Amino acid sequence: NAGNGSVLTLTNNSLVQGNTARAGGGFWNLDGGFVRIDGSTVASNTATVFGGGGVWNLDGGFVRIDSSIFASNTAATDGGGLYNTGSGSIISLTNGSQVRANTAITNGGGIANSDAGSVNLDASTVASNTAIAGNGGGIYSLGAGSVLTVTGSLVQANVAGDSGGGIDNDNAVATISNTLVYSNGAVYGGGIWSNGDSSRGTVDG
């Protein structure tokens, strides 16, 4: 899905499963494209060379996910479930959405966010994801201008090979409110790891 004005909608128990690509195993959204996923599942897709096992959203794309599941996707680099990168790129997960059992070889087993992208989670779950050799088993957010907001959600049982079992905030801005970060594991910062001169983290409730 590419280009300003491009719209892709998945609703009514749609299933994106078992697909393979070099990047964005399930799908790739860029250049201002809009993707809406409502009541659907993106599962068991693979990015064989780059990131975004389930989805790679970049360069101003917007992906809105409501009441949907991203599960058992795999990425060769970052973002086992979802990879969001680039200024103006936004991924929003709401209404009981789940990011579960995804795997990244490097960073962001469930979700990776970088290069001034924004990821927002509200009333959603990030659980049982793995960043095998890197950071952010559940969620990884990297770089100046990158923003992560987590509200009323659950981040549980994620594992990172290095830092930030639940959440890794690296030179980025993270705001976590009314959220349970529970039973995650890493070498450094089992629950949350915030690192770098420009990192800003706020935990409320």
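Buried means under 20% relative accessible area and exposed over 50%, with partly exposed in between. The views below apply these cut-offs to a predicted model.

**View 1. Thr46 in strand 7 is partly exposed.** Thr46 has a relative accessible area of 27%, so it falls between the two cut-offs. Strand 7 covers residues 46–47. Leaving aside neighbours within four places in sequence, Thr46 is in contact with Asn19, Thr20, Ala21, Gly25, Gly53 and Thr74. Gly26 is 20 residues from Thr46 along the chain, and their C-alpha atoms are separated by 7.2 Å.

**View 2. Six strands form an open, parallel sheet.** The order is 3-7-11-15-19-23. Strand 3 (20–21) and strand 23 (159–160) are the edge strands, each pairing on one side only. Within the sheet, strand 11 (residues 74–75) pairs with strand 15 (residues 103–104) over two bridges, in the parallel sense. Thr74 stands opposite Thr103 of strand 15. Strands of a sheet pair through backbone hydrogen bonds, either parallel or antiparallel.

**View 3. The largest nonpolar core has 25 residues.** Ile37, Ile65, Leu82, Ile111, Leu121, Ile139 and Leu148 have the most contacts inside this core. Two or more residues each come from strand 5 (34–38), strand 9 (62–66), strand 13 (90–94), strand 17 (118–122), strand 21 (147–151) and strand 25 (173–177). Another core, of six residues, lies apart from it; Trp56, Leu58, Tyr83 and Ala112 are among its members.

**View 4. Ile65 of the largest core, with its contacts.** Not counting residues up to four places away in sequence, Ile65 touches Ile37, Phe70, Leu82, Ile91, Ser92, Leu93, Thr94 and Ser97. Ile37 and Leu82 are, like Ile65, listed among the residues with the most contacts inside the core.

**View 5. Asn57 is a buried residue of strand 8.** The strand spans residues 55–58. The relative accessible area of Asn57 is 0%. Its side chain makes a polar contact with the side chain of Asn29, at 2.9 Å. A polar atom of the Asn57 side chain also lies 3.2 Å from the backbone oxygen of Ile90. Beyond four places in sequence, Asn57 touches Asn29, Phe62, Val63, Tyr83, Asn84, Thr85, Ser89, Ile90 and Ile91.

**View 6. Ser89 is buried in a loop.** The loop runs between strand 12 (82–85) and strand 13. Ser89 has a relative accessible area of 1%. Neighbours within four places in sequence aside, Ser89 is in contact with Asn57, Leu58, Asp59, Gly60, Gly61, Asn84, Gly117 and Ser118.

**View 7. Strand 24 (residues 167–170) has buried side chains pointing both ways.** Ile167 and Asn169 point one way, and Asp168 and Asp170 the other. In a regular strand the side chains alternate between the two faces of the sheet. Strand 20 (residues 139–142) runs parallel to strand 24 and is joined to it by four bridges. Here Tyr140 stands opposite Asp168. Four bridges also join strand 24 to strand 27 (residues 192–195), again in parallel. Ser194 of strand 27 is the bridge partner of Asn169.

**View 8. Thr179 is buried in the loop between strand 25 and strand 26 (180–182).** Its relative accessible area is 16%, so Thr179 is under the 20% cut-off. The side chain of Thr179 reaches the backbone oxygen of Ser177 at 2.9 Å. A polar atom of the Thr179 side chain lies 3.3 Å from the backbone nitrogen of Gly152. Leu154 is 25 residues from Thr179 in sequence, with 5.8 Å from C-alpha to C-alpha. Leaving aside neighbours within four places in sequence, Thr179 is in contact with Val150, Thr151, Gly152, Ser153, Leu154 and Val155.

**View 9. Asn12 and Ser128 have positive phi values.** Most residues other than glycine have a negative phi. Phi is about 55 degrees at Asn12 and near 60 degrees at Ser128. Asn12 is found in the loop between strand 1 (7–10) and strand 2 (15–17). Asn12 is exposed, with a relative accessible area of 70%. Ser128 lies in the loop between strand 18 (125–127) and strand 19 (130–131). Ser128 is partly exposed, at 38% relative accessible area.

Key. Residues numbered from 1 in each chain as written. Predicted model: local features only at pLDDT ≥ 70, side-chain atom pairs only at ≥ 80, totals over all residues. Heavy atoms only, no water. Pairing = 2+ DSSP bridges. Core = buried A, V, L, I, M, F, W, Y, C linked by side-chain atoms within 4.5 Å. Buried < 20%, exposed > 50% of the residue type's maximum accessible area, 1.4 Å probe, protein only. Contact = heavy atoms within 4.5 Å. Polar contact = N/O pair within 3.5 Å; in protein donor to acceptor, adjacent residues only side chain to side chain.
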